[in-house]
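This briefing introduces a structure to a reader who has not met it before. The sequence and the model are shown first, and the notes that follow are grouped by topic.

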Amino acid sequence: MRMPSVKYQRGDKVMGRWPGSSLYYEVKVQGFDITSQLYTVIYKDGTELELKEPDIKSFSGFQTRSRSRSRSRSPGRRRSRSRSPGRTTRRSSSRTAAVAAAAVTESSLSSNKDTKMEVRLGPLQQTMAAENNSNNKHEENDMANKVNEKAEAEMEAESERNQGRYNLRRRKDDGGAKAAAVLAEQQEKEVIKEAAPPVATLATPLDFGGKIGAYLWLLFLPSWVLFLVFQVNLEDPSLLNFPPPLPPLEAFWDVKALGFVILWILFQALLYVLPIGKLSEGMPLRSGERLKYRTNGFFAIMVSAVAVAVAVHQGVDLIYIHSHFLQLAVASFLISVLLSVYLYARSRYAAPEQLAQGGNSGNVVYDFFKGHELNPRIKDFDLKFFCEMRPGLIGWCLINFALALAEMKLHHLDAPSYSMILVNVFQLLYVVDGLWNEEAILTTMDLMHDGFGFMLAFGDLVWVPFTYTLQAYYLVSHPNSLSLPVVGAIVTLKLLGFYIFRKSNSEKNAFRRDPSDPQLSHLKTIPTATGKSLLVSGWWGVVRHPNYLGDLMMALAWSLPCGFSHLLPWYYMIYFIILLVHRDSRDMRDCRRKYGSAWDEYCRTVRYRIIPRVY
Ligand code: NDP
């Protein structure tokens, strides 16, 4: 079926510009969306992108010009080209090569008088050129010229192969001369800069059960929080027991609770905007821009701790948090709904490149749920980053602390029980670590890919503070005594999990921020067509998502102090397994779409997911 009045038709082979760069690859047109005026194209490695018409050039014209131009290239140009170190030096990583292979620059199409057809060397050609670098200069020039010629001839074959450019050797053994390595790293950085896609969007399939799923999640999530809160208040909170009948409506509501939540959020917002702490750069957006984030979360939790201590000293009764848990949860829910409505409304006016790749289905409920705009900001105030890291996360610690006080009061204790101390300290460590390494969240899925809508707003403001505190809440009225050896075993498990979690997250974060970091030079990588590489040794070579493994071990350590009398405090563990398996599958799918065959190669090399030899 032909597409009416569009320049390129489904099935046409054309040259598509790789977003954010001047490199063109052969692509096949899959379709055209009249509303967005974007073509869906598929690259040879299976990567699917949406491109604007100006980013597509006719394939035939492109090839013809390419050939004739290279044949008429002047000796002078040959000389200078062959001497260009970037073109003749063997690289320490083939990342640039992966991007450059079979690619030609836009200048060949745009300049009219002295139209240049620049052929960039693929890895094979670069290696050949590098090997000949040691010969005399004439030979070097001639060889490099031949290499350039050959590069063209091989361009098609290379793009057919277009797979298997892997750098499975240690990167530091790979380059030869130090200067060459430095140069190569500089080039890598340039390519990474280039590779930030400006306008293309990935056509992401719907998540969470699609449109129907979004309706169901909207109903299920708040109901589930209510169920947990009612259930944990039961003397026998067995999941086989029916929850108690719903209390009258006014029991859900307390103005003071709403005021408390609003004050807390405002207080955290104030700490966030203070010009104290580092201004960190986020990952490049599709526009190529990098947003700045005030990463002063550690400062915020410290000031909050002091403020809470002063409040307690002044006689503020934090046990109110335990006695009004339901009302506080309802107030937070209300705020998350209002925030989501605001987020959805403003996303309707956002420019297309500001929208998330998911959450862009055109269905109001799905987009409201999944989040439409990627980085909604009021001036420099980043709403998603703030909600992800501050009120809910620090609020979680505040609630846990209040629950420890409630336990002491209820059981007339001078100090909280061992179980309560473990849960409090473990979770506090998790949050403090997250805030200390706040910059690392900038390379996570939530920040980079997910739009900000109900799912995250509810998750940040209700789910985290009011369900992650369930273990401490459970312990208030269902004490569980622990012997010292058991305490020791649980602490060991927690520390081991924490070590894996922190090391693997930091490794990936450091690599994404600076792939040429000398401290990571021992790691093996697989280049991808996007210009980014994938780690295939170190923590990310043990399993895919080693960070999830550490997280799961920690979740287990949080549940064990509650004992085995009831399933309820294990809810977090069960939920977390489901969450991480779902996130892992979602990420596998997204990475497959982003990285195509390079991702397949990674999966063949690192066979297990999350848990070595199991999943
Ligand atoms: P990750 O931080 O694991 O990010 C996944 C991304 O990492 C991928 O999309 C890809 O992004 C990149 N990546 C994957 N494999 C490789 C590789 N081999 N080499 C280099 N980069 C790779 O995912 P999350 O955002 O889900 O998790 C972040 C942390 O937060 C985890 O520790 C997780 O356990 C924790 N978490 C905790 C939750 C809780 O409720 N307690 C909830 C959710 C997460 P790209 O290539 O585009 O850079």
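In this predicted model, Gly-359 counts as buried because its relative accessible area is 2%, below the 20% under which a residue is called buried. Gly-359 belongs to the loop that links α13 (325–347) and α14 (364–370). The points below describe the surroundings of Gly-359, then the chain as a whole, a pair of strands and the ligand site.

**Surroundings of Gly-359**

- Leaving aside residues up to four places away in sequence, Gly-359 is in contact with Tyr-366, Asp-367, Lys-370, Gly-371 and His-372.
- Gly-451 lies 92 residues from Gly-359 along the chain, yet the C-alpha atoms of the two are separated by 6.4 Å.

**The chain as a whole**

- The chain contains 25 helices and 12 strands.
- It has 615 residues, and 55% of them count as buried.
- Among contacts in the chain with a separation of 6 or more, 75% are between residues 24 or more positions apart.
- The chain has an accessible surface of about 27600 Å², and carbon and sulfur atoms account for 62% of that area.

**Strands β2 and β3**

- Strand β2 (residues 23–33) and strand β3 run antiparallel and are joined by 6 bridges.
- Within this pairing, Gly-31 is placed opposite Thr-40 of β3.
- Strand β3 covers residues 38–43, and 5 of its 6 residues are buried.

**The ligand site**

- The ligand is surrounded by 28 residues, of which Tyr-468, Arg-512, Tyr-548, Asp-551 and Tyr-595 come nearest.
- By type, the shell around the ligand consists of 16 nonpolar, 5 polar and 7 charged residues.
- At least two residues of the shell come from each of α18 (445–448), α21 (484–513), β12 (533–535), α23 (546–559), α24 (571–595) and α25 (597–605).
- The most residues, 8, are given to the shell by α24.
- A polar side-chain atom of Tyr-595 is 2.3 Å from an oxygen atom of the ligand.
- For Tyr-468, the distance between an N or O atom of the side chain and an oxygen atom of the ligand is 2.5 Å.
- For Asn-505, an N or O atom of the side chain lies 2.8 Å from an oxygen atom of the ligand.
- The ligand taken alone exposes 920 Å², and the protein buries 93% of that area.

Conventions: Residues are numbered from 1 along each chain as its sequence is written. This is a predicted model: local features need pLDDT of at least 70, side-chain atom pairs count only at pLDDT 80 or more; totals for chains, interfaces and linings use all residues. Side-chain values use heavy atoms; hydrogens and water are left out. Helices (H or I, at least four residues) and strands (E, at least two) are DSSP runs, numbered from the N terminus. Buried means under 20% relative accessible area, exposed over 50%, partly exposed in between (1.4 Å probe, protein chains only). Contact means heavy atoms within 4.5 Å. Accessible areas come from the Shrake-Rupley method with a 1.4 Å probe; for residues, only the protein chains shown count as cover. A residue is near a molecule or strand if one of its heavy atoms lies within 4 Å of it. A polar contact is a pair of N or O atoms within 3.5 Å; within protein, one must be able to donate a hydrogen and the other to accept it, and residues adjacent in sequence count only if both atoms are side-chain atoms. Ala, Val, Leu, Ile, Met, Phe, Trp, Tyr, Cys and Pro count as nonpolar, Asp, Glu, Lys and Arg as charged, and the others, Gly among them, as polar. Two strands pair if DSSP finds at least two bridges between them.
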